[in-house]
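Please open the structure in your viewer and keep the selection tool at hand, since each stop of this tour begins with something to pick out.

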Amino acid sequence: MLPLPFAWLLAGRAAQGVGLGLTALMMGVARDHLPEERSAAVIALISVVSIIGAGVGYPLAALLAELGGVRAAYGLGLVVTAAALLTAWRSMPEAPEGRSAHVDVAGAVVLAAALLLVLFLAGERNLWSRHLAVAAGLAVVAVVLLCVWAVIELRSTTPLVDVRAVRHPAVAGANLAMVVGGIGMYLLLTLITRYAQTPHGAGYGFGLTTFVAGLVLIPFSVLGFVAGKLTPRVRTRIADPLLLAGSAVVVGGGFALFAAARSNLAELFAAMGVLGFGVGGFSAAMPGVILAVTPKSETSSAMSFNYVVRSVGYSLGSAVGGLILAAGTGPGHLFPDDSAYTTAALVGIGAMAITTLTSLALARRRPSETNP
């Protein structure tokens with residue numbers, strides 16, 4: 001809201017990223033203080049709400065930005081954040097005795113540096129084409145930093161992430177499904193919103209304003225919430241890995257729908273709704289796969305790492321979409337060819353196929369191999 005330079009904007013975005021860790025912390029609180037049968041449903045709902053809120057936040061922020069400027073949108077964010085802080089201060093129970101409040105600063109800094117390089121390299125197409133040696137060198141540095149981070153976590157008495165727990169086949173498989181699935185999920189979200197805003201002069205698209213394009217996200221939120229509410233009931237009959245696989249298939253169906261039919265807004269709404277239903281089911285089932293083999297004391301750590309993986313997947317999905325559309329933009333053209341969207345959709349179907357196979361591999365594990 002303040003007239004500050006660009007560096008402060010980056011600092012604000014960093015603070016926003018820190019705030020995303022609160023979602024995993026809420027899951028830990030729910031598992032510590034609620035009965036087991038209730039905590040599972042609450043954790044699943046937290047996981048879903050953290051995603052589908054975007055379908056409400058984006059159009060509302062866009063409307064405020066159009067009516068009152070960018071500061072009005074940030075003002076709403078400040079009010080909502082203040083309300084959340086007050087609610088947490090008044091209602092959050094104290095942590096169980098014996099929990100350490102020490103923060104693994106070294107691990108956090110090294111992991112942040114490594115992920116920064118990974119995401120930077122994923123989005124810099126020109127760097128790979130014009131300065132391959134520099135890009136390869138930065139990739140090596142990123143890998144070295146990730147290795148250093150793993151060593152720091154293994155030696156720390158209060159690690160940011162319990163790396164030993166992450167190595168469990170169920171947790172490792174779930175995180176692999178999360179990063180690949182995240183790439184596909186955010187790729188489709190990006191494709192649909194960008195397609196909706198493309199002006200008619202490009203030969204396709206609908207030329208929607210930011211606010212109206214944000215309304216396309218409403219089916220995503222509504223059906224995502226429906227899937228999140230249904231998942232705890234379905235879990236009594238179907239194992240979480242199978243729910244992950246089924247949800248990945250649904251998201252793949254959204255890609256197929258977008259690839260085959262996007263000539264009118266109703267088809268975009270349908271594709272976004274299918275995506276929301278798949279993402280809602282996937283998000284609600286994911287905590288169950290990880291927490292089934294995670295001690296209560298490591299709930300926040302395990303889910304925080306999963307959220308980092310999810311965020312990386314989303315960022316890579318956005319970068320992959322940008323790269324494909326950039327490659328499909330002819331010389332002197334402002335917008336990519338319509339066929340580039342089809343290519344991106346086919347890539348997304350491939351990502352969701354990998355996610356489905358990974359989830360099915362988890363489902364085939366015997367219970368004795370899945371439980372600690």
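What follows is a walk through helix pairs, salt bridges, a surface patch and a few single residues of a predicted model.

**Stop one: two helix pairs**

Begin by selecting helix H1, which covers residues 6–33, together with helix H14, which covers residues 299–327, and turn the view until you can follow both axes, which come within 8 Å and cross at roughly 150°. Angles over 145 degrees count as roughly antiparallel, and H1 and H14 are therefore roughly antiparallel to each other. If you look at the handedness of this pair, the crossing of H1 and H14 is right-handed.

Next, select helix H9 (residues 169–197) and add H15, which packs against H9 at an angle of about 160° with the two axes 9 Å apart. This angle makes H9 roughly antiparallel to H15. The crossing of H9 and H15 is left-handed.

**Stop two: the salt bridges**

How many salt bridges does the structure hold? There are 2 salt bridges to find, and it helps to remember that side chains of opposite charge can pair when their charged atoms come close.

For one of them, show the side chains of Arg235 and Asp240, which meet in a salt bridge with a distance of 2.7 Å from N to O. Are these two partners buried or exposed, or something in between? Arg235 counts as partly exposed because its relative accessibility is 26%, whereas Asp240, with a relative accessible area of 11%, is buried.

Now move to Asp338 and Arg262, whose side chains also meet in a salt bridge, here at 3.3 Å from N to O. Asp338 lies in helix H15 (residues 338–363), while Arg262 lies in the loop between H12 and helix H13 (265–291), so this pair ties together parts that are 76 residues apart in sequence. With 30% relative accessibility, Asp338 counts as partly exposed, but Arg262, at 7%, counts as buried.

**Stop three: a loop residue**

Stay with the loop between H12 and H13 and select Ser263, which has its place there. Since buried means under 20% relative accessible area and exposed means over 50%, Ser263 counts as exposed at 62% relative accessibility. If you draw a line from the C-alpha atom of Ser263 to that of Ser300, the two atoms are separated by 44 Å, although the residues are 37 residues apart along the chain.

**Stop four: a nonpolar patch on the surface**

Switch to a surface display and select Ile218, Val222, Leu223, Val226, Leu230, Val234, Ile238, Leu242 and Phe277, which form a nonpolar patch with about 640 Å² of accessible area together. Which helix gives the largest share of this patch? The largest share, 6 residues, comes from helix H11, which spans residues 218–234. Leu242, another member of the patch, has its place in helix H12 (residues 240–260), and Leu242 counts as partly exposed because its relative accessibility is 41%.

**Stop five: a pair apart in sequence**

Finally, select Phe211, which lies in helix H10 (residues 210–215), and which is partly exposed with a relative accessible area of 21%. Add Ala61 to the selection and display the distance between the two C-alpha atoms: Phe211 and Ala61 are 150 residues apart in sequence and 8.0 Å apart in space.

Technical notes
Residues numbered from 1 in each chain as written. Predicted model: local features only at pLDDT ≥ 70, side-chain atom pairs only at ≥ 80, totals over all residues. Heavy atoms only, no water. Patch = residues over 30% accessible without salt bridge, like charges linked within 9 Å, V, L, I, M, F, W, Y side chains within 5 Å. Areas by Shrake-Rupley, 256 points an atom, 1.4 Å probe, with all protein chains shown as cover. Salt bridge = Lys/Arg side-chain N within 4 Å of Asp/Glu carboxyl O. Helix = DSSP H or I, 4+ residues; strand = E, 2+ residues; numbered from the N terminus. Buried < 20%, exposed > 50% of the residue type's maximum accessible area, 1.4 Å probe, protein only. Axes fitted to C-alpha atoms, helices over the stretch in contact; angles between N-to-C directions. Parallel < 35°, antiparallel > 145°, perpendicular 65-115°, else oblique. Left-handed = near helix turned anticlockwise from the far one by under 90°.
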